[in-house]
Amino acid sequence: MHRSMKAVAGIGACAALLTGCAFGGGGGTQSSTDPDEEVTLTFQSLAFQDATIQATQDIVDAWNADHPETQVEVTQGSWDNVHDQLVTQFQGGEAPDIIHNEASDMTGFAQDGFLADLSPYLSDDVVDSVGAGIWDAVSIGDEVFAAPTVMQSYVVFANTAAFEEAGVEVPSGDALSWDDLRSTAQQLTADGRFGVGWGLRQPTAPFMNLALGFDGTFFDVADDGSATIDVGEGELAVPEAVHAMAYEDASLDPVTLTQSGGDVLPGFLGGQYAMYVGGSYLAQQIADSAPDGFAWTVLPPLAGSDGSAQGTSPQTLSVPAESEHVDRAAAFIDYFMQADNLAAIGQGDCLIPASEAARAELEAATDGQTGWSEMLASGATLEAAPFQLAADYPQWKDQYATPAFQEYLAGTISLDELQQRLTDGWDQVGS
Amino acid sequence: MSTRRTTDRTLRALQYVALALFVVFLGFPLLFLVTAAFKTQQELQSPDPQLLPSQWNLDNFVGAIERAGLGQAALNSLVVALATTVIVVAVALPAAYALARFQTRLRGLATGWILLSQVFPFILIIIPLFLMLRPIGLNDTLAGLVVVYVVWSLPFALWMLRGYVAAIPGELEEAGAVDGASRLRVLRSIIMPLLGPGLVATSLFAFIGSWNEFFFALVLIKDEALQTLPQRLALFVGSEGQVALGQLAAGSLLACIPSLVFFAIIQRRLTSGLLSGAVKG
């Protein structure tokens, strides 16, 4: 008994010691440093393609050569679990000085006060070169919590040989209306082959982003992240069109609605689908994986009743509010945002640079080949979608929106029921 | 009699068929991994997938090694996994013996705590752990990772070993004592040989758990030179669900090898330990 008491006392002492350690650590402090003092900043990059990893390293090397007082050290991070990693590092005050992520994931950190306001540090050239709609995706009020680098848009890839075989003209022009997409898909559907394959296993993000083309905004968001939902015709236009193509026209393979974009790609490369809707980044996979002689292109941007606007969650660079060198990290980000740098990053990942100057540079560098003209054109109309700033959007998406969209696409609930489920779900989350 | 023999043979044949199907079921992911590692990107994305590659090429292995620095990462994982295994077994062994043999009030409390500790999700404990490791300079070090893995593995290892100790009849120890053996001698000569299989199983659990662990390593280790294999393999997964499947398969295959070797070495001990335990029991 005596021994047991001693053990309990020992365990208690250890716990107290560890607790003391935990709370004694505290967060970092923002200290000013001598401008000539040499510092090393950590930059966690999530670059994925080999070309982008190399481009990132080249940018950092060039910066380091010109800025001996501010050296940047790249750490290769992973998209896998990056959110949980950042949660921990912010809490522990040890996040990298320069953080690569995407805007929608960083919004919550910004609302919690973990990110520095970059607006005083970014040059006019950088600010002016990026559209106001994109800045909205990375701003809360007047504060800019991240610099937008590259973005993806949803584009329509086309197997031009299948078009030729079916005697159908490949659409051209500034935009492709949903009605034209639908009629083209019908013309290309024959002999067990479908006009369109679309991997919509996770349908919420594409539907939310493409809704902007029909003036479908879904949410009205206040500065504090609170939001009200409105699901009307504009919001439901895209799921309704997809549903009609799958079940009324039978021109869109309904099996693909349950698959990821990567799952559908082999069918597109094998001629099963004449058109393939997905993120622009898939162009890289098509280029890498297509069999010899496979002829493909990207169709003009999809346009709804309100034009070809799309929502986007740009990849971003941010600086922790607790970084000791916010100004120097922001200076590096400003350098990273220069047109030639963003063009190199965008080309590596088949993503669209956020800045107009970089898009022009990329257009010149690629000579508009193999879909680049169309992909870059779609970038001009990308903007922030309100849902990206709605505080409870992730919960609503996982618990209500995604299951409801999936059930609608599977034909188990009607459009009215879908509307009800989306609205009621938000009320549940909001309450 | 003849009918019964025929029935037995049929049953045995069915058992073998079931076993073969089970082996194929278990082995298919490994077979897929092996063949995918040798396929080109075009073959991996082919709409008409074949089980075997048309040509066995090593590009994915070269790409995986060059891109992810797997050699250093494997060494880091090996160091961390071995250190974790040794410490876990060393700490769990006496603790498990005490829990199984000594009748104290603390035993029920400790057992309950061990079980309770297993229900905490990683995300709940990682922030306190991070905050505790920082002031003692163990963030971003392999030693810190070992500490975390030991803390994480210890409760279950203790629970496993306690069961093995409890299964050894107390009469054997009493018989040893009656024959004049000291307590240490009883432990060394009677208990330890019988605990062989339990120690091996616990070691396997601790080694494989820390070899495969990703999340703690992701959060705690920032220095690329210290990253472990699962961290490096995660680099083959990009945003929007992109996966460099060929390189990932090649990297995963390479990552399996040390684990398989460790298992191959230690599983013989598992068998011999079981046999020796049976004889002595």
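Here is a short chat about how chains A and B meet in this predicted model, and about two strands of chain A.

Biologist: What makes A:Glu94 and B:Lys222 a salt bridge?

Modeller: The closest N and O atoms of A:Glu94 and B:Lys222 are 3.9 Å apart. The cut-off is within 4 Å for a Lys or Arg side-chain nitrogen and an Asp or Glu carboxyl oxygen, so the pair counts. The tally between chain B and chain A is one salt bridge.

Biologist: Okay, and how many residue pairs are in polar contact between chain B and chain A?

Modeller: Six, with both residues at pLDDT 80 or more.

Biologist: Which parts of chain B touch chain A?

Modeller: α2 (41–44), α5 (105–117), α6 (122–133) and α10 (215–220) of chain B each bring at least two residues. α6(B) gives the most, with six residues. By class, that side of chain B has 19 nonpolar, eleven polar and six charged residues.

Biologist: How much area is buried between chain B and chain A?

Modeller: About 3500 Å², with carbon and sulfur atoms giving 59% of that. The contact takes 36 residues from chain B and 43 residues from chain A.

Biologist: Over to chain A: why is strand β2 (residues 70–76) called mostly covered?

Modeller: Buried means under 20% relative accessible area, and five of the seven residues in β2(A) are buried, so "mostly covered" fits.

Biologist: How do you know that β1 (residues 39–45) of chain A pairs with β2(A)?

Modeller: Pairing needs at least two bridges; seven join β1(A) to β2(A), so they pair, and they run parallel. A:Phe43 stands opposite A:Val74 in β2(A).

Technical notes:
Residues are numbered from 1 along each chain as its sequence is written. Chains are lettered from A and ligands numbered from 1 in the order in which they are written. This is a predicted model: local features need pLDDT of at least 70, side-chain atom pairs count only at pLDDT 80 or more; totals for chains, interfaces and linings use all residues. Side-chain values use heavy atoms; hydrogens and water are left out. Contact means heavy atoms within 4.5 Å. Buried area is the accessible area (1.4 Å probe) that two parts lose on being put together, summed over both. A polar contact is a pair of N or O atoms within 3.5 Å; within protein, one must be able to donate a hydrogen and the other to accept it, and residues adjacent in sequence count only if both atoms are side-chain atoms. Helices (H or I, at least four residues) and strands (E, at least two) are DSSP runs, numbered from the N terminus. Ala, Val, Leu, Ile, Met, Phe, Trp, Tyr, Cys and Pro count as nonpolar, Asp, Glu, Lys and Arg as charged, and the others, Gly among them, as polar. Buried means under 20% relative accessible area, exposed over 50%, partly exposed in between (1.4 Å probe, protein chains only).
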